[in-house]
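Load the model in your viewer and keep the selection panel open. The stops below go from the whole chain to single side chains.

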Amino acid sequence: NLVSARSGVTIEHYLLQTYVITLLSGIFCAFAGFITADIIAGLEVSTTIYDVFGVSRIFPQAVPGLLFKSAVTMAAFVLGSLLGYKVMTGFPRLLMTHRGTRINLTLHSAVAYMYAMQRGGAELIAIFSSLADNASIFGETAVEFRQLIRDVEYFGYDLMTALRHLGETTPSEKFRDF
């Protein structure tokens, strides 16, 4: 999903970002949970907790409120961390789906352009290169063809291997079929 989204971020860097945002969202939610628990505890709400270990003999008045605040803070941290993790791991899929839609919207004009250039006698690599250079006209389809040109010119792939690789990484089903 990260490659198909063409985000330009390595998996290691994205995982680092994911872990940092997960931790920060957990801390933020724990802070919010602590504030909320403090407000609720200040409202004189009955939070009776059965004292199994006899902790109330050591701290007679503070234990029920402290246990309540601790439990709410820990639960908020866990839930906030899970929420941050789910958002960060689902974000590349959202970007990929969005790119696939934008590719589908501009694919028909790119195909017509390719057909016209082919009927004019241009070679395939020249057609793909021309498409890749006109991103202002062909949008995300041109970005996909830039990947093809990059694979051919810089990585030394032959055209068929580069097309196969592009078909594996494109987020658009229509473009993959094309």
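How much accessible surface does the chain have, and what share of it belongs to carbon and sulfur atoms? The total comes to about 11,700 Å², and carbon and sulfur atoms account for 67% of it. Accessible areas here come from the Shrake-Rupley method with a 1.4 Å probe, and for residues only the protein chains shown count as cover.

Two notes on the input. This is a predicted model, in which local features need pLDDT of at least 70 and side-chain atom pairs count only at pLDDT 80 or more, while totals for chains, interfaces and linings use all residues. Residues are numbered from 1 along each chain as its sequence is written, and side-chain values use heavy atoms, with hydrogens and water left out.

**Whole chain**

Switch to a cartoon view. The chain has seven helices and zero strands, where helices (H or I, at least four residues) and strands (E, at least two) are DSSP runs numbered from the N terminus. Colour by burial next: of the 178 residues, 31% count as buried. Buried means under 20% relative accessible area, exposed over 50%, and partly exposed in between (1.4 Å probe, protein chains only). Among contacts (heavy atoms within 4.5 Å) between residues at least 6 apart in sequence, 65% join residues at least 24 apart.

**Nonpolar surface patch**

Select Leu-16, Val-20, Ile-21, Leu-23, Leu-24, Ile-27, Phe-77, Val-78, Leu-79 and Leu-82, and show them as a surface: they make a nonpolar patch of about 910 Å². Patches consist of residues with over 30% relative accessible area and no salt bridge; like charges are joined within 9 Å, and nonpolar side chains (Val, Leu, Ile, Met, Phe, Trp, Tyr) within 5 Å. Helix 1 and helix 2 (63-119) are the elements that give two or more residues to the patch. Helix 1 gives the most, with six residues. Leu-16 lies in helix 1 and counts as exposed, at 52% relative accessibility.

**Nonpolar core**

Hide the surface and select Met-114, Phe-128, Leu-131, Phe-138, Phe-145, Leu-148 and Phe-175. Of the 18 residues in the largest nonpolar core, these touch the most other members. A nonpolar core is a set of buried Ala, Val, Leu, Ile, Met, Phe, Trp, Tyr and Cys residues joined through side-chain atoms within 4.5 Å. Helix 2, helix 3, helix 5 and helix 6 (159-169) are the elements that give two or more residues to this core. Now centre on Phe-138. Leaving aside its neighbours within four places in sequence, Phe-138 is in contact with Thr-106, Ser-109, Ala-110, Tyr-113 and Leu-131.

**Aromatic pairs**

How many aromatic pairs are there? The count is five, with rings of Phe, Tyr and Trp (its six-membered ring) pairing if their centres lie within 6.5 Å; planes under 30 degrees apart count as stacked, over 60 as edge-to-face and the rest as tilted. Select Phe-128 and Phe-145, a stacked pair with 5.1 Å centre to centre and 15° between the planes. Phe-128 lies in helix 3 (residues 124-133) and Phe-145 in helix 5, so the pair ties together parts 17 residues apart in sequence. Phe-128 is buried at 5% relative accessibility, and Phe-145 is buried at 2%.

Move on to Phe-155 and Tyr-157: their ring centres are 6.3 Å apart and the planes are at 50°, so this pair is tilted. Tyr-157 is partly exposed, with a relative accessible area of 35%. Back at the stacked pair, add Phe-175 and Phe-178, since ring pairs link Phe-128, Phe-145, Phe-175 and Phe-178 into a cluster.

**Salt bridges**

The count comes to seven salt bridges, each being a side-chain nitrogen of Lys or Arg within 4 Å of a carboxyl oxygen of Asp or Glu. Select Arg-6 and Glu-144, whose closest N and O atoms are 3.1 Å apart. Arg-6 lies in the segment before helix 1 (11-42) and Glu-144 in helix 5 (residues 140-153), so the bridge ties together parts 138 residues apart in sequence. Both Arg-6 and Glu-144 are buried. Extend the selection to Arg-99, Arg-102 and Glu-140, which are linked with Arg-6 and Glu-144 in a network of salt bridges.

Next, pick Asp-151 and Arg-150, with closest N and O atoms 2.8 Å apart. Asp-151 is buried, at 2% relative accessibility, whereas Arg-150 is partly exposed, at 29%.

The last stop is Arg-176 and Glu-173, a salt bridge with closest N and O atoms 2.7 Å apart. Both residues lie in helix 7 (residues 173-177), three residues apart, about one turn of the helix. Arg-176 is partly exposed at 34% relative accessibility, and Glu-173 is partly exposed at 48%.
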